[in-house]
Amino acid sequence: MHPSEIRTVTTEAELREIVPEPPRPLWDKDIGRIDEHARTIIAHSPLVLLATSDAEGACDVSPRGDPAGSVLVLDSHRLALADRPGNHRADSFRNVLHNPRVGLLFLVPGMNETLRVNGRATLVSDAPFFDDLVVQGKRPRLALLVDVEELYMHCAKAFLRSSLWDPATWPDRGSLPTLGRIVKDHMGLKDLSADAIDADLAVDASTNRY
């Protein structure tokens, strides 16, 4: 494909020629606070996607998983997410230190609609609410305190189009590479087998979750 064949959109005016302005209610759906319905969805969500960016705007999205109800609603404008053991890169946390703006997408298994939350995050090393973030007897070392500025529901179309929750559409796991194979190839690890890497990853996943 030659670059001349690609028609880019560079202004909002050009965008609106293709995607018309939405009806006013679609702007007004942002309530900017955590109401009873948002509380219910957050309480049932075992997985939230956390979007951050650094000072230069380089973006990152990180999945955060815990038993449903582990994300704390402190009040109508504040959430707390615990840090759990990971790869120690701390990409999200490093970003927040330079740019506190974050986006959250709460998923509930079997529910096609999602809850979107945007706001400002603060990295916290201790607070009274840490006692409520304990899972399997492990108290987190860090947490993100999110001041909610925008909150609204996202419709079901993406999940309906993808059939994400329909097992009949899921690929055979055997047709996909294992993480060990991917790590071996990405990092050029000639002296380690994919099976050995997978075995080490399985041990870490089972013994270092909290």
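Colleague: Which elements do the buried residues of α4 pack against?
Modeller: In this predicted model, the buried residues of α4 pack against the strands β1, β2 (59–65), β5, β6 and β7.

Colleague: And which residues in α4 are buried?
Modeller: The buried residues there are D91, S92, F93, N95 and V96, and α4 itself covers 91–98.

Colleague: Let's turn to the largest nonpolar core, then: which residues touch the most other members?
Modeller: That core has 22 residues, and within it L79, L104, F106, L115 and V117 are the ones that touch the most other members.

Colleague: Which elements give two or more residues to this core?
Modeller: Two helices are on that list, α3 (36–44) and α4 (91–98), together with the strands β1 (47–53), β4 (78–82), β5 (101–107), β6 (114–124) and β7 (143–154).

Colleague: Okay, and which one gives the most?
Modeller: That is β7, which contributes 4 residues to this core.

Colleague: You mentioned L104, so what is L104 in contact with?
Modeller: If we leave aside the neighbours within four places in sequence, L104 is in contact with V48, L49, L50, L79, L81, L115, R116, V117, N118 and V146.

Colleague: Going back to cores, what lies apart from the largest one?
Modeller: Another core lies apart from it, made of 10 residues, and among them are L72, A82, A127 and L133.

Colleague: New topic, the surface: which residues make the nonpolar patch of about 340 Å²?
Modeller: That patch on the surface is made by V9, L15, I18 and V19.

Colleague: Where is V9 found?
Modeller: You will find V9 in the segment that comes before α1 (12–18).

Colleague: Why can V9 count towards a surface patch?
Modeller: A residue needs over 30% relative accessible area to be part of a patch, and V9 meets that because its relative accessible area is 44%, which makes V9 partly exposed.

Colleague: Last thing, the backbone: what is phi of Q136 near?
Modeller: Phi of Q136 is near 55 degrees, which is a positive value in a residue other than glycine. Most residues other than glycine have a negative phi.

Colleague: Where does Q136 lie, and is Q136 buried or exposed?
Modeller: Q136 lies in the loop between β6 and β7, and Q136 is exposed, with a relative accessible area of 65%.

Colleague: What about S163, what is phi near there?
Modeller: For S163, phi is near 50 degrees, again a positive value in a residue other than glycine. S163 is found in the loop that runs between α5 (157–162) and α6 (179–187), and S163 is partly exposed, with a relative accessible area of 27%.

Definitions and conventions: Residues are numbered from 1 along each chain as its sequence is written. This is a predicted model: local features need pLDDT of at least 70, side-chain atom pairs count only at pLDDT 80 or more; totals for chains, interfaces and linings use all residues. Side-chain values use heavy atoms; hydrogens and water are left out. Patches are made of residues with over 30% relative accessible area and no salt bridge: like charges are joined within 9 Å, nonpolar side chains (Val, Leu, Ile, Met, Phe, Trp, Tyr) within 5 Å. Accessible areas come from the Shrake-Rupley method with a 1.4 Å probe; for residues, only the protein chains shown count as cover. A salt bridge is a side-chain nitrogen of Lys or Arg within 4 Å of a carboxyl oxygen of Asp or Glu. Buried means under 20% relative accessible area, exposed over 50%, partly exposed in between (1.4 Å probe, protein chains only). A nonpolar core is a set of buried Ala, Val, Leu, Ile, Met, Phe, Trp, Tyr and Cys residues joined through side-chain atoms within 4.5 Å. Contact means heavy atoms within 4.5 Å.
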